[in-house]
Amino acid sequence: MELIVTKPWQLTRAVRLAQALLDLAVLSTAHLLAFVLRFEGDLRTDRMCTFVFSLPLVLMVQYLGLMICKVPESSWQYVSLHEVRRISLALALATIFLGGFITAVDFVTAVPAAIQAALPPRGVVFLDLVLGLLGLISVRAAVRIWTERARRNKRGAAGIKAVPTLLIG
(Lines give C-alpha, C1' and ligand atoms only; values in the text may rest on other atoms or scores of the structure.)
Protein backbone atom coordinates (compact mmCIF):
# COMPACT_ATOMS: atom_id res chain seq x y z
CA MET A 1 0.00 0.00 0.00
CA GLU A 2 1.44 3.33 -1.07
CA LEU A 3 0.74 6.39 1.05
CA ILE A 4 0.17 9.47 -1.06
CA VAL A 5 1.20 12.77 0.49
CA THR A 6 -0.15 15.88 -1.16
CA LYS A 7 2.04 18.90 -0.65
CA PRO A 8 0.23 22.24 -0.27
CA TRP A 9 1.60 23.57 -3.56
CA GLN A 10 0.19 20.50 -5.36
CA LEU A 11 -3.39 21.19 -4.35
CA THR A 12 -5.86 21.83 -7.10
CA ARG A 13 -7.29 25.29 -7.63
CA ALA A 14 -10.69 24.07 -6.50
CA VAL A 15 -9.28 22.90 -3.15
CA ARG A 16 -7.38 26.15 -2.65
CA LEU A 17 -10.50 28.15 -3.50
CA ALA A 18 -12.60 26.07 -1.10
CA GLN A 19 -10.05 26.58 1.67
CA ALA A 20 -9.91 30.34 1.05
CA LEU A 21 -13.70 30.58 1.04
CA LEU A 22 -13.89 28.56 4.25
CA ASP A 23 -11.30 30.85 5.86
CA LEU A 24 -13.30 33.91 4.79
CA ALA A 25 -16.53 32.35 6.08
CA VAL A 26 -14.92 31.64 9.46
CA LEU A 27 -13.50 35.16 9.68
CA SER A 28 -16.89 36.66 8.69
CA THR A 29 -18.67 34.60 11.33
CA ALA A 30 -16.09 35.65 13.92
CA HIS A 31 -16.64 39.30 13.02
CA LEU A 32 -20.42 38.94 13.33
CA LEU A 33 -20.09 37.13 16.68
CA ALA A 34 -17.73 39.88 17.86
CA PHE A 35 -20.45 42.44 17.10
CA VAL A 36 -23.07 40.33 18.88
CA LEU A 37 -20.87 39.92 21.96
CA ARG A 38 -19.73 43.55 22.01
CA PHE A 39 -23.27 44.91 21.85
CA GLU A 40 -24.78 42.08 23.93
CA GLY A 41 -27.05 40.94 21.12
CA ASP A 42 -28.58 44.39 20.60
CA LEU A 43 -27.82 44.87 16.91
CA ARG A 44 -29.86 47.87 15.89
CA THR A 45 -29.92 49.12 12.32
CA ASP A 46 -26.99 51.51 12.78
CA ARG A 47 -24.83 48.76 14.27
CA MET A 48 -25.74 46.33 11.49
CA CYS A 49 -24.79 49.04 8.97
CA THR A 50 -21.43 49.39 10.71
CA PHE A 51 -21.02 45.61 10.54
CA VAL A 52 -21.85 45.46 6.84
CA PHE A 53 -19.58 48.38 5.93
CA SER A 54 -16.68 47.23 8.11
CA LEU A 55 -16.74 43.57 7.01
CA PRO A 56 -14.87 44.03 3.68
CA LEU A 57 -12.11 46.10 5.33
CA VAL A 58 -11.67 43.65 8.20
CA LEU A 59 -11.67 40.60 5.91
CA MET A 60 -9.18 42.22 3.55
CA VAL A 61 -6.76 43.13 6.35
CA GLN A 62 -7.10 39.75 8.09
CA TYR A 63 -6.66 37.70 4.92
CA LEU A 64 -3.72 39.87 3.87
CA GLY A 65 -2.16 39.08 7.26
CA LEU A 66 -2.77 35.38 6.65
CA MET A 67 -1.11 35.65 3.25
CA ILE A 68 1.90 37.54 4.64
CA CYS A 69 2.41 34.80 7.24
CA LYS A 70 1.89 32.14 4.51
CA VAL A 71 -1.05 30.51 6.28
CA PRO A 72 -3.02 29.64 3.10
CA GLU A 73 -0.01 27.71 1.80
CA SER A 74 0.09 25.34 4.77
CA SER A 75 -1.54 21.94 4.64
CA TRP A 76 -4.74 21.46 6.60
CA GLN A 77 -4.11 17.72 6.95
CA TYR A 78 -0.98 18.21 9.04
CA VAL A 79 -1.84 21.27 11.11
CA SER A 80 0.47 21.64 14.09
CA LEU A 81 1.58 24.20 16.64
CA HIS A 82 3.72 25.82 13.94
CA GLU A 83 0.60 26.71 11.96
CA VAL A 84 -1.16 27.85 15.15
CA ARG A 85 1.72 30.24 15.75
CA ARG A 86 1.53 31.56 12.17
CA ILE A 87 -2.25 32.03 12.37
CA SER A 88 -1.85 33.82 15.72
CA LEU A 89 0.82 36.12 14.32
CA ALA A 90 -1.25 36.89 11.20
CA LEU A 91 -4.39 37.80 13.15
CA ALA A 92 -2.38 39.75 15.74
CA LEU A 93 -0.78 41.80 12.96
CA ALA A 94 -4.20 42.44 11.42
CA THR A 95 -5.60 43.50 14.81
CA ILE A 96 -2.67 45.84 15.47
CA PHE A 97 -3.08 47.39 12.02
CA LEU A 98 -6.84 47.85 12.41
CA GLY A 99 -6.48 49.21 15.95
CA GLY A 100 -3.78 51.63 14.83
CA PHE A 101 -5.83 52.74 11.85
CA ILE A 102 -8.90 53.37 14.02
CA THR A 103 -6.79 55.34 16.51
CA ALA A 104 -5.17 57.36 13.71
CA VAL A 105 -8.59 58.27 12.31
CA ASP A 106 -9.52 59.67 15.75
CA PHE A 107 -6.74 62.27 15.42
CA VAL A 108 -7.63 63.34 11.89
CA THR A 109 -10.25 66.07 11.83
CA ALA A 110 -11.55 65.75 8.28
CA VAL A 111 -12.39 62.09 7.73
CA PRO A 112 -14.89 61.21 4.99
CA ALA A 113 -18.12 59.64 6.19
CA ALA A 114 -17.50 56.55 4.05
CA ILE A 115 -14.30 55.80 5.96
CA GLN A 116 -15.97 56.46 9.31
CA ALA A 117 -18.73 53.99 8.42
CA ALA A 118 -16.20 51.29 7.49
CA LEU A 119 -14.44 51.33 10.85
CA PRO A 120 -15.54 48.76 13.43
CA PRO A 121 -15.51 49.63 17.14
CA ARG A 122 -12.27 48.86 18.99
CA GLY A 123 -13.93 46.25 21.20
CA VAL A 124 -15.14 44.39 18.13
CA VAL A 125 -11.63 44.35 16.67
CA PHE A 126 -10.14 42.72 19.76
CA LEU A 127 -13.00 40.23 20.16
CA ASP A 128 -12.59 39.42 16.49
CA LEU A 129 -8.96 38.46 17.14
CA VAL A 130 -9.93 35.84 19.70
CA LEU A 131 -12.92 34.48 17.81
CA GLY A 132 -11.10 34.40 14.45
CA LEU A 133 -8.15 32.61 16.00
CA LEU A 134 -10.42 30.06 17.65
CA GLY A 135 -12.40 29.52 14.43
CA LEU A 136 -9.45 29.13 12.06
CA ILE A 137 -7.62 26.73 14.36
CA SER A 138 -10.79 24.72 15.01
CA VAL A 139 -11.53 24.24 11.32
CA ARG A 140 -8.00 23.10 10.59
CA ALA A 141 -7.95 20.75 13.59
CA ALA A 142 -11.30 19.28 12.49
CA VAL A 143 -9.91 18.60 9.00
CA ARG A 144 -6.85 16.94 10.50
CA ILE A 145 -8.96 14.74 12.79
CA TRP A 146 -11.28 13.83 9.92
CA THR A 147 -8.43 12.83 7.56
CA GLU A 148 -6.65 10.82 10.25
CA ARG A 149 -9.87 8.97 11.08
CA ALA A 150 -10.46 8.26 7.38
CA ARG A 151 -6.97 6.81 7.03
CA ARG A 152 -7.36 4.73 10.17
CA ASN A 153 -10.70 3.36 8.94
CA LYS A 154 -9.18 2.63 5.53
CA ARG A 155 -6.36 0.64 7.12
CA GLY A 156 -8.84 -1.28 9.26
CA ALA A 157 -11.04 -2.09 6.26
CA ALA A 158 -8.04 -3.31 4.27
CA GLY A 159 -7.16 -5.81 6.99
CA ILE A 160 -3.78 -4.26 7.74
CA LYS A 161 -2.71 -5.13 11.25
CA ALA A 162 -0.62 -2.90 13.44
CA VAL A 163 2.86 -4.21 14.07
CA PRO A 164 4.22 -3.59 17.57
CA THR A 165 7.41 -1.56 17.21
CA LEU A 166 10.05 -0.56 19.72
CA LEU A 167 12.21 2.44 18.91
CA ILE A 168 15.52 2.70 20.72
CA GLY A 169 17.69 5.78 20.78
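Start with helices H1 and H2, whose crossing is right-handed; a crossing gets that name if the near helix is turned clockwise from the far one by less than a right angle, and is left-handed if anticlockwise. The model is predicted: local features need pLDDT of at least 70 and side-chain atom pairs count only at pLDDT 80 or more, while totals for chains, interfaces and linings use all residues. Residues are numbered from 1 along each chain as its sequence is written, and side-chain values use heavy atoms, with hydrogens and water left out.

**Stop 1: H1, H2 and H3**

Select residues 13–38 for H1 and residues 45–68 for H2. Helices here are DSSP runs of H or I with at least four residues, numbered from the N terminus. Two packed helices are described by the angle between their axes and the distance between the axes. The axes of H1 and H2 come within 10 Å and cross at roughly 135°. Axes are lines fitted to C-alpha atoms, for helices over the stretch in contact, and angles run from 0 to 180 degrees between N-to-C directions. H1 and H2 are therefore oblique to each other. On this scale, angles under 35 degrees are roughly parallel, over 145 roughly antiparallel, 65 to 115 roughly perpendicular, and the rest oblique.

Next add H3, residues 81–107. H2 and H3 pack at about 140°, with their axes 8 Å apart, and are therefore oblique as well. The crossing of H2 and H3 is right-handed.

**Stop 2: the nonpolar patch**

Select Leu32, Met48, Val52 and Phe53, which make a nonpolar surface patch of about 340 Å². A patch is made of residues with over 30% relative accessible area and no salt bridge; nonpolar side chains (Val, Leu, Ile, Met, Phe, Trp, Tyr) are joined within 5 Å, like charges within 9 Å. Accessible areas come from the Shrake-Rupley method with a 1.4 Å probe, and for residues only the protein chains shown count as cover. H2 gives the most to the patch, with three residues. Met48 is found in H2 and, at 31% relative accessibility, counts as partly exposed. The classes are buried (under 20% relative accessible area), exposed (over 50%) and partly exposed in between.

**Stop 3: a salt-bridge network**

Side chains of opposite charge can pair when their charged atoms come close. A salt bridge is a side-chain nitrogen of Lys or Arg within 4 Å of a carboxyl oxygen of Asp or Glu. The whole structure has six of these.

Select Asp42, Arg44, Asp46 and Arg47, which are linked in a network of salt bridges. Within the network, Arg47 pairs with Asp42, the closest N and O atoms being 3.3 Å apart. Arg47 counts as buried at 18% relative accessibility, whereas Asp42 is partly exposed at 37%. Asp46 and Arg44 meet at 3.6 Å, N to O. Asp46 is partly exposed at 45%, and Arg44 is partly exposed at 39%.

**Stop 4: H5**

Move to Arg122, which forms a salt bridge with Asp106, the closest N and O atoms being 2.1 Å apart. Arg122 lies in H5 (residues 122–157) and Asp106 in H3, so the pair ties together parts that are 16 residues apart in sequence. Arg122 is partly exposed, with a relative accessible area of 37%.

Finish at Trp146, also in H5, which counts as exposed at 63% relative accessibility. Draw a distance from its C-alpha atom to that of Arg122: the two atoms are separated by 36 Å, with the residues 24 apart along the chain.

Notes. Helices (H or I, at least four residues) and strands (E, at least two) are DSSP runs, numbered from the N terminus. Buried means under 20% relative accessible area, exposed over 50%, partly exposed in between (1.4 Å probe, protein chains only).
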